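Here is a short, friendly briefing to read alongside the structure. Take a moment to look it over, then follow the points below.

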Amino acid sequence: MRKWTAWTADIKPLPGGIAGRLVPVLLALVMYLGEVGLGSGQFTGQQGALKMALPYLPTAALSLGVLPAAIAWFLCVAGIATLGMPAVLIAGLIFSSVVVISACCYLLPRRQALSLPLLALALLFALCFLIPDVQVLTIVINAIFVAFAGTAGLSLNSFRRRHETSAKRIEALEIEQAKIRANERTLLAHELHDIVAHDVTIIAMQARRAEFVKDPEKTSEILAGIGSSAQQTLQDLRSLVLLLKESDKASEATIENASVGPSIIDPAELSGETTTAVGLVHDLDAVADALQSSGYDVDLTVEGEVARVPASLRQALRRTIREMGTNILKHAVPSSRVEMRLYVGESNVQLRATNEAGVQKPIMSSRTGLEAMRARCGVFGGFVEADESDGLWTTSVTIPLEGISTAN
């Protein structure tokens with residue numbers, strides 16, 4: 001039952017909707033009235049009129065669909081054979097043969113479309129041997145028209161299937177492009193968070209510190225840091241806008257290239273896209289120094305062979321390091337102790353930061369920092385853990401090293 005339902009579902013409906021369904025009925029009616037009007041003299045009376053309508057019933061049945069029309073055509077041939085194959089009925093069947101066979105071959109699935117004209121031809125030629133005194137020439141002419149209609153219908157069927165395949169490919173491409181655009185929007189949102197929100201957060205945190213600092217020299221350093229961060233934010237925004245404007249290079253450029261560098265690290269100290277093992281440690285040191293200069297007591301530990309971290313992973317770790325540093329500035333208790341640890345083991349690399357959890361509401365908290373970290377780690381099959389215990393907030397990023405290219 002399921003196979004039958006699936007097969008019938010593949011049959012295409014007659015084009016044109018309701019108007020398209022009326023056309024076969026009108027054609028059959030016009031041809032029938034024309035045949036009756038000409039008057040062959042072979043059939044008279046009410047029964048004769050009904051017999052004359054027999055060849056045009058398959059055309060009328062086409063309004064119900066190609067499958068009923070095909071069945072009606074074979075039943076019509078069987079009915080004409082029962083009547084002794086009168087030449088006038090066989091001649092009248094030619095019109096229905098052309099219309100029905102061509103429409104069926106066009107709208108049926110490929111295998112059934114190929115089989116239908118072959119079965120129709122086989123039936124017509126079989127009648128030449130089964131019916132005595134049959135009009136062979138009329139049947140041959142009918143068979144020729146069946147073959148012609150089948151060839152035309154199959155050609156249109158092939159064109160239709162190619163068109164449907166192209167339409168499906170276009171639809172699939174549109175869906176894929178929609179997914180790509182959605183991913184790009186998510187990536188852009190992460191980058192805006194990384195580039196702008198981080199910089200502005202640091203400016204806000206430094207401004208808050210300046211309110212409580214009484215030392216003029218320290219205040220001057222804070223104001224200089226605010227100016228440097230503001231300049232960096234402006235430069236980052238310009239870089240991002242330039243990237244978005246370069247539409248002709250969008251397929252080659254990535255959102256990652258938009259970032260000149262994390263504001264928690266001095267721009268001149270960035271190791272950049274081609275982060276080396278030494279550069280990765282350098283970035284971690286820079287984040288620790290930035291936290292140290294902001295008043296935190298930072299304990300930084302690096303364990304394991306950092307050179308074992310693949311080049312493709314170092315950039316993600318660099319961005320994660322910056323994210324952790326910014327989150328500490330947002331949420332940690334000012335001037336508290338901060339522990340940062342980079343551990344490279346046999347099968348994975350772990351980056352962890354522990355700090356005292358602040359009770360005050362953070363400035364500029366978009367709550368997308370952990371989401372951005374998870375998105376980056378998820379690309380490499382890693383995971384992020386963040387929880388609070390005994391007043392200490394710990395953020396841990398673990399990424400497996402297996403299966404990641406180690407090319408530098």
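Let's begin inside one helix: V66, A69, A70, A72, W73, C76, V77, I80 and A81 are the buried residues to find in α5. Please keep in mind that this is a predicted model. Its secondary structure comprises 12 helices and five strands.

**Helix α5**
- Helix α5 covers residues 66-82, a run of 17 residues.
- From the first C-alpha of α5 to the last, the distance is 24 Å, close to the 24 Å expected at 1.5 Å a residue.
- After α5 comes G84, and its phi is positive, near 95°.

**Strands β2, β3 and β5**
- Strand β2 spans residues 337-344 and strand β3 spans residues 348-356; the two pair in the antiparallel sense through seven bridges.
- The link from β2 to β3 is a hairpin of three residues.
- Within this pairing, V338 sits opposite N355 of β3.
- β3 also runs antiparallel to strand β5 (residues 392-400), with nine bridges joining them.
- Here L351 is found opposite V397 of β5.
- When you trace side chains, remember that in a regular strand they alternate between the two faces of the sheet.

**The protein as a whole**
- The protein has 408 residues, and 41% of them count as buried.
- Taking contacts between residues at least 6 apart in sequence, 72% connect residues at least 24 apart.
- About 22,200 Å² of the protein is exposed, and carbon and sulfur atoms account for 61% of that area.

Notes
Residues numbered from 1 in each chain as written. Predicted model: local features only at pLDDT ≥ 70, side-chain atom pairs only at ≥ 80, totals over all residues. Heavy atoms only, no water. Helix = DSSP H or I, 4+ residues; strand = E, 2+ residues; numbered from the N terminus. Buried < 20%, exposed > 50% of the residue type's maximum accessible area, 1.4 Å probe, protein only. Contact = heavy atoms within 4.5 Å. Areas by Shrake-Rupley, 256 points an atom, 1.4 Å probe, with all protein chains shown as cover. Expected span 1.5 Å × (residues − 1). Pairing = 2+ DSSP bridges.
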